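Please read the sequence and the model below before going on. The report then takes up selected loops, the ligand site and the cysteines.

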Amino acid sequence: MNMRDIIIAKRDKNSLTDEQIKFFVEGVTDGSIPDYQISALLMAIVLNGMDEREMTTLTLEMAASGSQMDLSYLDGVPVDKHSTGGVGDKITPVLLPLIATFGVETVKLSGRGLGFTGGTVDKFESIKGFNIEVDSKDFPRLVKETGMVISGQTPDLAPADKILYALRDVTGTVDSIPLIASSIMSKKIAGGAKVIVLDVTCGSGAFMKDYKMAKELAEAMIKIGKLAGRKTVAVITDMDQPLGRFCGNILEMQEVFDTVTGKGEEDVIEVVTELAYHLITLAGKDAGMSEEVLRNEIRARLSDGSCYEKFKALIKSQGGELSPSGYPVYVDKPFDSMHVNSPESGYVQGMRADLIGQASVLLGAGRLAKTDSIDYGAGIGFFVKIGDRVERGDSLCALYQGENSTLPEERLFDAMDLILEAYEIGPNPPEKKAAILDVIT
Ligand code: URA
């Protein structure tokens with residue numbers, strides 16, 4: 001077998017055999033296939049696609065390219081959740097303690113933000129003392145203590161995906177359903193999940209810009225999950241505007257605190273409730289409750305203090321500081337340094353989440369290169385969102401910086417320009433859009 005023949009087979013629109021895919025992934029992982037041949041095959045896959053069997057084999061081979069987590073110490077079925085990313089996406093820090101109140105235990109491996117989307121690792125790191133690089137030897141002890149552990153991804157989890165992703169990034173081969181689906185699912189499978197609930201975001205602030213693409217990706221991942229013997233559900237959620245009221249690390253963790261203490265925004269609660277419902281039922285922890293009763297119970301636990309208790313337990317168990325009154329202590333203090341005012345009167349018609357995410361990065365909340373440092377206090381707070389009425393001169397949003405920020409002033413103005421471009425104001429109230437667009441099982 002040789003790589004040239006494999007590239008030609010895909011170029012000529014043939015299905016690759018399992019042996020050819022295995023040869024490819026092994027060669028990527030051990031470095032025996034040069035980047036130019038890997039890139040040529042990736043481009044052939046982008047152009048000619050893969051069928052379900054090929055996608056599943058690629059996923060399983062990538063999952064097997066490094067160490068695979070054994071979660072047999074968990075009480076119950078190992079579950080995992082994955083979001084395809086967005087702006088203001090603060091779901092994981094609410095969801096883990098919430099499902100833990102139902103006895104669903106999780107080992108969650110999360111990533112940092114890159115580009116305009118935020119990352120869960122950065123959000124937790126904004127809490128003073130919180131250790132996000134947990135040694136996997138400590139996972140069983142932490143899960144026993146609180147029902148959950150959250151950590152950055154270990155380097156030996158699906159190493160083939162890391163190599164492929166870095167090449168895809170620089171060869172124009174990211175946008176491919178089989179490549180995205182296998183990349184995501186390989187990490188979930190290597191992470192030991194038997195139940196996978198996917199939050200497939202859709203809209204200007206997401207990878208998948210429209211519903212049709214989001215559905216196609218969701219269906220591809222469900223097919224892979226099914227063929228790989230994992231129970232998989234995909235929830236398609238709206239990312240045509242940021243989720244909740246804030247984006248930025250400390251600002252989002254403050255919103256997480258509000259959500260776990262019963263003062264959350266409705267869109268955040270809707271998405272969290274939907275994901276929690278599927279995770280709890282697929283894990284068999286619904287205690288025989290009907291769908292309606294379980295959904296009401298999930299919402300109730302956000303406001304009756306039980307989710308908050310689990311949230312505090314998670315922070316404490318990973319070394320995070322809590323004030324005597326139970327607030328997380330953060331590494332910096334966000335301050336509201338400028339408001340962006342509406343240039344006209346009307347209703348908010350649209351809020352380009354990608355531009356808002358870029359503005360947040362300009363303020364220092366995210367990084368453009370992996371090595372950039374971030375300002376944990378930076379971000380944006382939204383006074384109005386789609387459907388709200390504004391008068392000319394009203395504040396649309398506030399731009400925040402951390403107290404220790406050294407941001408040049410012109411960056412604030414660049415961020416302001418992006419926000420003015422992002423907000424679309426029109427004369428009539430727009431149609432209301434749901435936070436959950438579809439559920440695919
Ligand atoms: N997220 C991933 O993990 N992989 C992709 O290819 C795209 C998004």
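## Loops and backbone

A158 sits in the loop between β3 (148-152) and α8. This is a predicted model. The phi angle of A158 is near 45°, a positive value in a residue other than glycine. Most residues other than glycine have a negative phi. A158 is also buried, and its relative accessible area is 0%.

A second alanine has a positive phi as well: the angle of A287 is near 50°. A287 belongs to the loop between α12 (266-282) and α13 (291-303). Is A287 buried or exposed? A287 counts as exposed, at 70% relative accessibility.

Two more loop residues can be placed. S176 is in the loop between α8 (159-171) and α9 (177-190). Its relative accessible area is 5%, so S176 is buried; the cut-off for buried is under 20%. Leaving aside residues up to four places away in sequence, S176 touches I45 and V46.

D135 lies in the loop between α6 (120-125) and α7 (139-146). D135 is partly exposed, with a relative accessible area of 38%. In sequence, D135 and L355 are 220 residues apart. In space, 37 Å separates their C-alpha atoms.

## The ligand site

Which residues are around the ligand? They are Y165, R168, I180, S183, I184, K187 and F207. By type, the shell divides into 4 nonpolar, 1 polar and 2 charged residues. The largest share of the shell, 4 residues, comes from α9.

Three side chains place a polar atom by the ligand. The table gives each distance.

| Side chain | Ligand atom | Distance |
|---|---|---|
| R168, polar atom | oxygen | 2.9 Å |
| S183, N or O atom | nitrogen | 2.6 Å |
| K187, N or O atom | oxygen | 2.5 Å |

How much of the ligand's accessible area does the protein cover? On its own, the ligand has 230 Å² of accessible area, and the protein covers 88% of that. The elements that give two or more residues to the shell are α8 and α9.

## The cysteines

How many disulfides does a search of the whole structure find? The search finds 0. C202 is in no disulfide, and the nearest cysteine sulfur, that of C247, is 19 Å away. A disulfide needs two cysteine sulfur atoms within 2.5 Å.

Why does C247 form no bond with C397? The sulfur of C397 is the closest cysteine sulfur to that of C247, but the two are 8.6 Å apart, and this is too far for a bond.

C202 and C247 can also be described by their accessibility. C202 is buried, with a relative accessible area of 5%. C247 counts as buried too, at 3% relative accessibility.

## Back to the picture

A few points are worth finding again in the structure. Start with the ligand and look for α9, the source of 4 shell residues. Next, find S176 in the loop that joins α8 to α9. Then turn to A158, in the loop before α8, where the phi is positive. Finish with A287, the exposed alanine in the loop between α12 and α13.

Methods. Residues are numbered from 1 along each chain as its sequence is written. This is a predicted model: local features need pLDDT of at least 70, side-chain atom pairs count only at pLDDT 80 or more; totals for chains, interfaces and linings use all residues. Side-chain values use heavy atoms; hydrogens and water are left out. Buried means under 20% relative accessible area, exposed over 50%, partly exposed in between (1.4 Å probe, protein chains only). Contact means heavy atoms within 4.5 Å. A residue is near a molecule or strand if one of its heavy atoms lies within 4 Å of it. A polar contact is a pair of N or O atoms within 3.5 Å; within protein, one must be able to donate a hydrogen and the other to accept it, and residues adjacent in sequence count only if both atoms are side-chain atoms. Accessible areas come from the Shrake-Rupley method with a 1.4 Å probe; for residues, only the protein chains shown count as cover. Ala, Val, Leu, Ile, Met, Phe, Trp, Tyr, Cys and Pro count as nonpolar, Asp, Glu, Lys and Arg as charged, and the others, Gly among them, as polar.
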